[in-house]
Amino acid sequence: MPTPSPASAPIRRLTLRDLTACADLSEDRGWPREEHKWGFLLTAGTGYGIDDPGGGLVAACTVTEYGPHGRPSLAAIGMVLVAERHARRGVGRRLMRHVVSELGTTPLTLHATPYGRPLYEELGFKVTGRAEMVRGRFTMVGPEPGIATRAATAEDLTTILRLDEEVFGADRTPIVTRLPAFADQLRVAEEDGRIIGYAAAWPNMDTHVVGPLIARDTETAKALIGSLAARTERPLRTDIDARHEELLAWVRERGLAVVAPNAVMTYGITELPGDWTRRFAPLTVAAG
């Protein structure tokens with residue numbers, strides 16, 4: 001039997017058994033291995049991949065669905081990668097066409113690098129926003145935000161889920177309920193005994209990624225970032241919606257530099273649901 005070429009090889013669902021192959025694929029493209037993130041995305045969502053006849057993966061991506069089970073109201077596509085030796089041969093286009101077809105009428109979103117954006121535009125995705133990835137060692141200067149924060153408890157989960165759905169615009173229960181195990185820190189901001197925001201910091205290689213970051217206002221977002229930073233020795237990384245200019249200026253003044261911009265793109269909807277004024281950063285751009 002002839003060996004199928006990557007252009008015609010079957011596209012299959014990935015599982016946690018593919019974790020090492022996914023990390024190898026990241027490394028092949030010069031990305032960090034990010035096993036912790038890959039593991040989360042493969043369990044909270046669905047992975048798609050094309051096997052390399054020589055071993056490993058030719059290409060991979062993840063899909064994270066939100067909303068009622070079996071009837072998602074939104075799906076995020078992320079971690080779209082093609083091995084360097086198979087790049088520019090239409091493999092990524094084929095994988096993306098398959099995923100878009102699999103998801104049918106479900107509205108889609110993704111964060112695109114400048115390199116990937118032309119492919120997504122070709123497939124019908126439209127730019128609806130922008131996010132700024134920032135990274136660095138956070139140093140608190142000036143007065144601390146006057147918003148109280150504390151570690152989240154199990155009793156807070158119902159309130160966090162309700163707030164998250166209100167702000168994100170879709171039910172993210174499978175994501176949010178995994179945060180206590182996935183993240184090193186999960187904190188809430190309070191006013192008069194009422195939760196007005198929450199944020200997590202999760203380990204990714206040598207950094208702590210801040211996300212999700214949902215807050216009533218910019219001062220609350222600052223308080224949450226500051227409280228997370230005070231409890232880690234690692235550099236911070238996060239992806240802030242570019243419309244939150246005040247928060248971006250604030251983190252830059254405290255040591256975080258812009259690393260890369262990403263275009264926020266959608267398919268099947270003209271803008272993301274929910275309330276962007278309270279949605280400051282995603283869990284990860286790969287999960288929308």
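This note sets out points on the salt bridges and cysteines of a predicted model.

1. Overall count of salt bridges. The predicted model contains 28 salt bridges. Three pairs are described individually below, followed by one network and then the cysteines.

2. The pair Asp52 and Arg85. The side chains of these two residues form a salt bridge, with N and O 2.5 Å apart. Asp52 belongs to the loop between β2 (46-51) and β3 (57-66), while Arg85 belongs to the loop between β4 (74-82) and α3 (91-102); the contact therefore ties together parts that lie 33 residues apart in sequence. As to their surroundings, Asp52 has a relative accessible area of 12% and is buried, whereas Arg85, at 42%, is partly exposed.

3. The pair Asp156 and Arg150. A salt bridge also joins the side chains of Asp156 and Arg150, at an N to O distance of 2.8 Å. Asp156 is buried, its relative accessible area being 7%. Arg150 has a relative accessible area of 25% and is partly exposed.

4. The pair Asp241 and Arg243. In this salt bridge the closest N and O atoms of Asp241 and Arg243 are 2.8 Å apart. Asp241 is buried at 14% relative accessibility, and Arg243 is partly exposed at 42%.

5. A salt-bridge network. Beyond the individual pairs, Asp24, Glu27, Arg33 and Glu35 belong to one network, joined by salt bridges that share partners.

6. Disulfides. How many disulfides does the count come to? The count comes to 0 disulfides. The criterion requires two cysteine sulfur atoms within 2.5 Å of each other. For Cys22, the closest cysteine sulfur is that of Cys61, at 9.8 Å, which is too far for a bond. Viewed from Cys61, the closest cysteine sulfur is in turn that of Cys22, at 9.8 Å, so a bond is ruled out from this side as well.

7. Setting of the two cysteines. Are Cys22 and Cys61 buried or exposed? Cys22 is buried, with a relative accessibility of 0%. Cys61 is likewise buried, with a relative accessibility of 0%.

8. Points to retain. In the salt bridge between Asp52 and Arg85, a buried aspartate meets a partly exposed arginine. The salt bridge between Asp156 and Arg150 likewise pairs a buried aspartate with a partly exposed arginine. In the salt bridge of Asp241 with Arg243, the aspartate is buried and the arginine partly exposed. As for the cysteines, Cys22 and Cys61 are buried, and the count of disulfides is 0.

How values were computed: Residues are numbered from 1 along each chain as its sequence is written. This is a predicted model: local features need pLDDT of at least 70, side-chain atom pairs count only at pLDDT 80 or more; totals for chains, interfaces and linings use all residues. Side-chain values use heavy atoms; hydrogens and water are left out. A salt bridge is a side-chain nitrogen of Lys or Arg within 4 Å of a carboxyl oxygen of Asp or Glu. Helices (H or I, at least four residues) and strands (E, at least two) are DSSP runs, numbered from the N terminus. Buried means under 20% relative accessible area, exposed over 50%, partly exposed in between (1.4 Å probe, protein chains only).
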